[in-house]
Amino acid sequence: MSRRVVRQSKFRHVFGQPVKADQMYEDIRVSKVTWDSSFCAVNPKFVAIIVESGGGGAFMVLPLAKTGRVDKNYPLVTGHTAPVLDIDWCPHNDNVIASASEDTTVMVWQIPDYVPMRNITEPIVTLEGHSKRVGIITWHPTARNVLLSAGGDNLLILWNVGTGEMLLTLDDMHGDVIYNVCWNRTGSLLVTTCKDKHVRVIDPRKQQVVAEKVKPHEGARPIRAIFMADGKIFTTGFSRMSERQLALWDLENFEEPIALQEMDTSNGVLLPFYDPDSSIVYLCGKGDSSIRYFEITAEAPYVHYLSTYSSKEPQRGMGFMPKRGLDVSKCEIARFFKLHERKCEPIVMTVPRKSDLFQDDLYPDTPGPEPALEAAEWLAGKDAEPVLVSLRDGYVPLKNRELKVTRKNILDNKPPMGPRRSHSTCDANFSRPSLEDLLEEIRSLRQTVQAQEKRISDLENKLCKFTNGTA
């Protein structure tokens, strides 16, 4: 009798487990908006969650360590006048996050390391260019300050956040609502999926579609597509019989998938999360209570099912921690932040190993927070691999770096204020402060307020320690 040979893989026994109850984030009113985004974004410092809020749109930003019950008066990030649909942390600055909203704008925010006393209402920059709601945002993986947004107007816009200006507008490419957008590893190409059932690979700088596949999945429900590290494309969708499918495609021959698997019948769109270091794709369906994971390899059959993490409660959304935010001492290879109706539950994926030594094979050098290019270099046609960092000693987050927005080109577009007079001829009526003076005074006052808020926060923390110590 022939024995079935089990494929060797160091990820065959990866298992997921939720954290203890006191390590969850409780009492959060997660947004009920019907939009297929993940509603949660995480990085090594913060977890951000889109929440329900009256009169506009808001999201909450919690320091990773601030677990337990969240105060109902906890400050929110509130600046949008309609629900927030997507949020994304900047990969090159852990204190900067972008948000997209039904109010047609994209806003970029600087989040302080301390917990502010009041809602954050002032974005660093507001990006206005879409005529309908903006449902997708994603930062460029290697170029500093380059942000992409996709809206209900079927437009893709690339922005330079550092100047607040549009770099590129990609129109006439999509005939219907765009479902998702993903950069490749160097940020030279985009893959998009659309309601018109096309998957397009786009060169944004040439503003042209370089490859296209009609109906990669026959079903009518939304398709998702992401780039693999080697340039292949992974898609999730539905068959004609409404069975959920996954497929792997080679751009050299985009006609037929090199792998296609049917999974189950369910309505939830499968959100793929990809870890290029381990070549594992995790599939989280909205409304599902499980996470399936697959290893992608260079040999047939290319997509290998590993296992499923199952729980009782369905997920409303999901955040995925970048590799540098994981605990390498515990052989953690992925961490998810699962959104329930009223809480956020971290789920840790671990490779069981007996050794306490650093596991080189699990943790190759991974993209760090340093950008490889400036926005202008990328726009001029330069490409670069991500700047990698070692996780051997665990990753230590950098100090907070302010995102400076050079607004001179925005102000230059405005008409001059009228003829300037010299002070000798100027009477009392004309001694008004200039726009620059007013802006400088506002900036100075804002810095003073922030400094006082930080001082109050520090004193409150000391008071808490003092009262806890004497209790």
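## Cavity, cores and an annotated helix

Strand β5 (residues 57-63; strands are DSSP E runs of at least two residues, numbered from the N terminus) provides the largest share of the lining of the second largest cavity, four residues. The model is predicted: local features need pLDDT of at least 70, side-chain atom pairs count only at pLDDT 80 or more, and totals for chains, interfaces and linings use all residues. Residues are numbered from 1 along each chain as its sequence is written, and side-chain values use heavy atoms, without hydrogens and water.

A cavity is a set of points on a 1 Å grid over the protein atoms alone where a 1.4 Å probe fits but cannot get out; lining residues have an atom within 4 Å of a point. The whole structure holds five cavities of 30 Å³ or more. The second largest encloses about 110 Å³, a volume being the space filled by probe spheres set on the points. Its centre is closest to Val61, Tyr74, Ile111, Pro116 and Ile120, among 16 lining residues. That lining has 15 nonpolar residues, no polar ones and one charged.

A nonpolar core joins buried residues (under 20% relative accessible area, 1.4 Å probe, protein chains only) of the types Ala, Val, Leu, Ile, Met, Phe, Trp, Tyr and Cys through side-chain atoms within 4.5 Å.

| Core | Residues | Members include |
|---|---|---|
| Largest | 39 residues | Ile28, Val47, Ile49, Phe59, Ile111, Phe337 |
| Second, separate | 26 residues | Cys182, Val199, Leu283, Ile296 |

Strand β4 (46-51) gives the most to the largest core, six residues.

The unreviewed UniProt entry annotates residues 435-462 as "coiled-coil region". This stretch is 100% helix and 0% strand, with its end C-alpha atoms 41 Å apart.

Notes. 1 Å grid on protein atoms, 1.4 Å probe; cavity = no way out; pocket = protein on both sides within 12 Å on 5 of 7 lines; lining within 4 Å. Nonpolar A, V, L, I, M, F, W, Y, C, P; charged D, E, K, R; others polar. UniProt positions renumbered as here; feature names shortened; annotations may be inferred. Buried < 20%, exposed > 50% of the residue type's maximum accessible area, 1.4 Å probe, protein only.
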